[in-house]
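User: Could we go through this model together? I would like to discuss its salt bridges and the way its chains are arranged.

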Protein chains: 2
Amino acid sequence: MVIVGGGFGGLTTARGLGGAEGIAVTLIDRRNHHLFQPLLYQVATAVIAPGEIAEPIRAILRWDRNVSVLMGEVVGVDTDTRAVQLRDGTRIPYDTLVLATGATHSYFGHPEWERYAPGLKTLDDARRIRARVLLAFEAAEREDDPAARDRLLTFAVIGGGPTGVEMAGAIAGLAHHALSKDFRRIDPRKARILLIEAAPRVLGTFTEDLSAYARQSLERLGVTVLTEHAVEDVSEEGITVKGKLIPAATVVWGAGVRASPAGEWLGVETTRTGHVPVGPDLAVIGRPGVYALGDLAMAKAEDGKPLPGLAQVADQQGRYLGRALRDRILHGKAPKPFRFRSRGNLAIIGHNSGVVQWDHVKLKGFLAWLVWGVAHVYLLVGFHNRLVVTLRWLWAYLSFQRGARLISERDEAVMALIRGTPPGRIPPP
Amino acid sequence: MVIVGGGFGGLTTARGLGGAEGIAVTLIDRRNHHLFQPLLYQVATAVIAPGEIAEPIRAILRWDRNVSVLMGEVVGVDTDTRAVQLRDGTRIPYDTLVLATGATHSYFGHPEWERYAPGLKTLDDARRIRARVLLAFEAAEREDDPAARDRLLTFAVIGGGPTGVEMAGAIAGLAHHALSKDFRRIDPRKARILLIEAAPRVLGTFTEDLSAYARQSLERLGVTVLTEHAVEDVSEEGITVKGKLIPAATVVWGAGVRASPAGEWLGVETTRTGHVPVGPDLAVIGRPGVYALGDLAMAKAEDGKPLPGLAQVADQQGRYLGRALRDRILHGKAPKPFRFRSRGNLAIIGHNSGVVQWDHVKLKGFLAWLVWGVAHVYLLVGFHNRLVVTLRWLWAYLSFQRGARLISERDEAVMALIRGTPPGRIPPP
């Protein structure tokens with residue numbers, strides 16, 4: 001059996017098959033690590049370090065002796081001969097194939113915006129955003145022209161979903177607290193943080209009162225929330241909304257999502273966003289022996305609505321699929337359909353402030369923030385990561401400082417700042 | 001006043017001048033962080049994470065309101081008009097200039113070896129070596145040819161000084177313990193780790209018995225120690241010693257050191273290795289108002305011997321120079337000459353094993369290892385870094401695991417492994 005992808009879906013599937021003698025599993029990923037994406041925004045805003053939310057896939061599956069891990073990039077699937085094609089030319093045959101390749105950003109038909117508005121899906125994305133955010137302050141400290149300085153100190157986050165809300169709140173905390181004493185010529189507290197959302201409210205998947213609370217919390221943190229503002233253009237100068245250019249040196253994309261190209265590999269019909277439709281047993285329709293789950297798949301809840309692209313969905317699907325495949329292959333049992341049980345919707349806004357919605361239970365403020373923190377530390381892979389992240393959070397909470405403000409010297413933005421061409425600009429890679 | 005370099009020497013000079021009203025200090029560095037170089041080898045071998053030994057210079061100097069920090073790369077000094085030249089064209093005037101630009105690797109007239117044998121001076125060096133070491137195991141797991149696999153599982157460390165000894169010991173710990181259960185086709189415990197030294201013994205600055213102990217400890221860890229072996233060539237294939245090629249995919253350079261080019265900026269005569277001779281007050285001879293310290297400077301002890309390139313030398317020189325400049329500028333007092341007080345020589349070999357030499361006190365084994373650990377945690381900048389590193393060490397000590405095995409997806413070696421060109425090779429950048 002071949003599993004492609006070491007995210008939540010692929011990893012929990014592999015773990016579910018661990019120890020199943022008679023099933024030889026190969027998990028392929030182009031990275032050596034499993035990434036805990038829900039905390040990626042904290043890497044991008046220097047709260048925690050990249051390694052603290054990444055754990056080698058190999059180390060996680062160390063004791064599952066029937067599972068081997070292969071570092072490689074899948075570029076295609078041959079469903080006729082049942083083989084996976086790697087970029088280096090290797091072909092890996094499979095009897096059963098599990099695709100858990102996740103999703104990436106979508107720029108609504110404007111791929112040219114990506115240069116100026118990176119999204120947040122990988123550790124390199126997070127490192128790049130961290131470098132841009134921190135270097136905007138460095139460049140502003142060196143800038144004499146007031147307009148150019150204002151542009152450097154304007155941060156626009158596009159998309160009012162959980163990622164956008166979390167990013168905007170965390171950048172505000174960075175500017176208004178962590179960096180407040182570190183500069184001599186600029187006052188980081190005067191930085192403008194904009195959260196841009198096309199819909200009438202932020203956190204649209206939450207109830208109206210929680211979403212109103214989130215907006216108030218953001219505004220209290222110093223974020224300017226612009227709802228009913230669709231982004232019309234993104235360029236080196238900044239963003240355009242309602243026909244007006246807002247100069248901004250740093251733009252972060254948290255709006256659209258598109259599935260990875262696994263649907264193309266299979267040659268199946270996908271949704272408009274590239275998601276692969278699967279049946280109640282997570283099998284890809286019309287491709288026997290192929291399963292898809294997590295952010296790649298379009299699975300439906302019992303009420304017929306598509307399941308959201310959340311870590312908990314991928315995690316539960318992986319647990320289900322591992323068990324189901326084991327039963328099917330070893331015992332010839334047909335599995336019951338997958339059923340998603342929501343563990344609640346959570347989002348963090350800033351220091352002491354979050355929202356939690358779980359069936360009829362609603363929490364906001366400090367308690368929601370605490371629930372979110374405990375849940376996320378618990379879900380982290382690796383005992384030492386849990387300890388280290390807890391420590392970082394305690395430190396950030398008590399001192400208002402950020403422990404991971406490292407900028408890699410290889411970053412393109414560092415090179416641009418140092419070369420000074422064009423002056424005061426941070427050209428994207 | 002301008003200070004160039006935020007390492008131990010530059011930073012402690014700046015801190016010594018902090019709060020001295022009437023002295024405006026600008027510290028320039030091309031990185032945003034101060035780096036604790038003594039633990040760099042632990043980043044290269046995945047024990048701790050990059051951010052844990054780096055602290056933003058700005059954050060360290062936050063409360064020294066007369067000190068401002070500028071991120072920029074110095075490319076020259078005009079001693080006639082007294083100005084520092086940045087790469088982006090900016091000129092920063094100075095009355096007093098402190099040069100603390102450190103040192104880099106020297107390849108004994110073979111700059112072409114650097115491609116194949118990276119040294120260990122910056123965080124990016126450490127990240128690159130970490131990626132190469134970890135990816136050698138990944139590539140070996142995929143390799144079918146036994147000779148190619150042996151080459152991938154051979155690690156050569158060149159130079160038997162503290163850096164080389166520490167690297168070789170740490171790679172042995174990684175291969176023989178941390179990774180031992182993680183692969184299915186290779187046995188990482190069969191990896192060969194070579195330590196190559198031209199002189200008759202390793203740790204040549206220690207006494208003979210400590211250096212014999214270090215050798216035994218390394219051999220117990222599974223390191224092959226080749227003393228009286230000068231490196232004759234380094235290539236993609238491996239290293240050549242005594243006319244014989246030893247195939248090795250991963251070569252780490254820990255041999256020669258050369259000062260940064262600040263001597264050329266000043267147009268002064270330097271030592272053969274580029275070190276800038278300074279007087280007993282750390283002033284550069286023939287360049288009034290210019291001081292040099294740390295790894296850049298060639299300062300002499302009372303007995304006329306040159307001071308070694310150690311963190312403790314730079315640190316003490318910085319403390320001295322901060323005080324001396326304050327006295328000279330604010331009170332017109334001529335300073336007493338600098339005097340180095342050795343805090344002892346320390347090197348770590350592996351789990352439970354190290355050597356300490358301090359005047360007539362000699363320690364080895366577990367006690368030396370403990371002294372080394374406590375001293376280094378104490379010297380780390382940043383309270384949270386101390387906590388996090390202590391945790392990581394406890395974790396590594398108790399579990400034999402490594403907590404920071406992250407490979408960046410942007411790394412050239414990752415790309416090469418994934419593209420598979422040429423098969424099984426990890427071409428250097």
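User: Before the details, what does "exposed" mean here, in terms of relative accessible area?
Analyst: A residue counts as exposed at over 50% relative accessible area, as buried at under 20%, and as partly exposed in between. Please keep in mind that this is a predicted model.

User: Then B:E302, buried or exposed?
Analyst: B:E302 is exposed, because its relative accessibility is 60%.

User: Which residue does the side chain of B:E302 meet in a salt bridge?
Analyst: The partner is B:R339, with an N to O distance of 2.4 Å. B:R339 sits in the loop between helix 9 (311–331) and strand 22 (345–350) of chain B, and B:E302 in the loop between strand 21 (297–298) and helix 9, so the bridge ties together parts 37 residues apart in sequence. B:R339 itself is partly exposed, at a relative accessible area of 48%.

User: Staying with helix 9 of chain B, how far apart in it are B:D315 and B:R319?
Analyst: They are four residues apart in that helix, so about one helical turn separates them. Their side chains form a salt bridge of 3.1 Å, N to O. B:D315 is buried, with 9% relative accessibility, whereas B:R319 is partly exposed, with a relative accessible area of 47%.

User: What about B:D182, which residue does it form a salt bridge with?
Analyst: B:D182 pairs with B:R405, and their closest N and O atoms are 2.9 Å apart. The former belongs to the loop between helix 6 (162–178) and strand 12 (192–196) of chain B, the latter to the loop between helix 11 (383–399) and helix 12 (412–419), so the pair joins parts 223 residues apart in sequence. Both B:D182 and B:R405 are buried.

User: Which residue is linked with B:D182 and B:R405 in a network of salt bridges?
Analyst: That is A:R62, which belongs to a network of salt bridges with B:D182 and B:R405.

User: Turning to the two chains, how many salt bridges are there between chain B and chain A?
Analyst: There are six between them, while the count over all chains is 32. One salt bridge joins B:R58 to A:E138, with closest N and O atoms 2.7 Å apart. There are also 26 residue pairs in polar contact between chain B and chain A.

User: Which parts of chain B supply at least two residues each to the side that touches chain A?
Analyst: They are strand 4 (54–56), helix 3 (57–60), strand 5 (67–71), helix 4 (123–142), helix 11 and helix 12. By class, that side of chain B has 24 nonpolar, 13 polar and 26 charged residues.

User: How many residues does the contact take from each chain, and what area is buried?
Analyst: The contact takes 63 residues from chain B and 63 from chain A. Together the two chains bury about 5800 Å², of which 53% is on carbon and sulfur atoms.

User: Why can one say that the copies meet through the same surface?
Analyst: Because 100% of the interface residues of chain B are also interface residues in chain A.

User: And what turn and shift lay chain B on chain A?
Analyst: A turn of 180 degrees and a shift of 0.0 Å along the axis do so, with an RMSD of 0.0 Å. That is the relation of a two-fold axis. In chain B, the C-alpha nearest the axis belongs to B:V388, at 3.0 Å from it.

Methods
Residues are numbered from 1 along each chain as its sequence is written. Chains are lettered from A and ligands numbered from 1 in the order in which they are written. This is a predicted model: local features need pLDDT of at least 70, side-chain atom pairs count only at pLDDT 80 or more; totals for chains, interfaces and linings use all residues. Side-chain values use heavy atoms; hydrogens and water are left out. Copies are superposed by least squares on the C-alpha atoms of residues with pLDDT of at least 70 in both. Contact means heavy atoms within 4.5 Å. A salt bridge is a side-chain nitrogen of Lys or Arg within 4 Å of a carboxyl oxygen of Asp or Glu. Buried means under 20% relative accessible area, exposed over 50%, partly exposed in between (1.4 Å probe, protein chains only). Buried area is the accessible area (1.4 Å probe) that two parts lose on being put together, summed over both. A polar contact is a pair of N or O atoms within 3.5 Å; within protein, one must be able to donate a hydrogen and the other to accept it, and residues adjacent in sequence count only if both atoms are side-chain atoms. Ala, Val, Leu, Ile, Met, Phe, Trp, Tyr, Cys and Pro count as nonpolar, Asp, Glu, Lys and Arg as charged, and the others, Gly among them, as polar.
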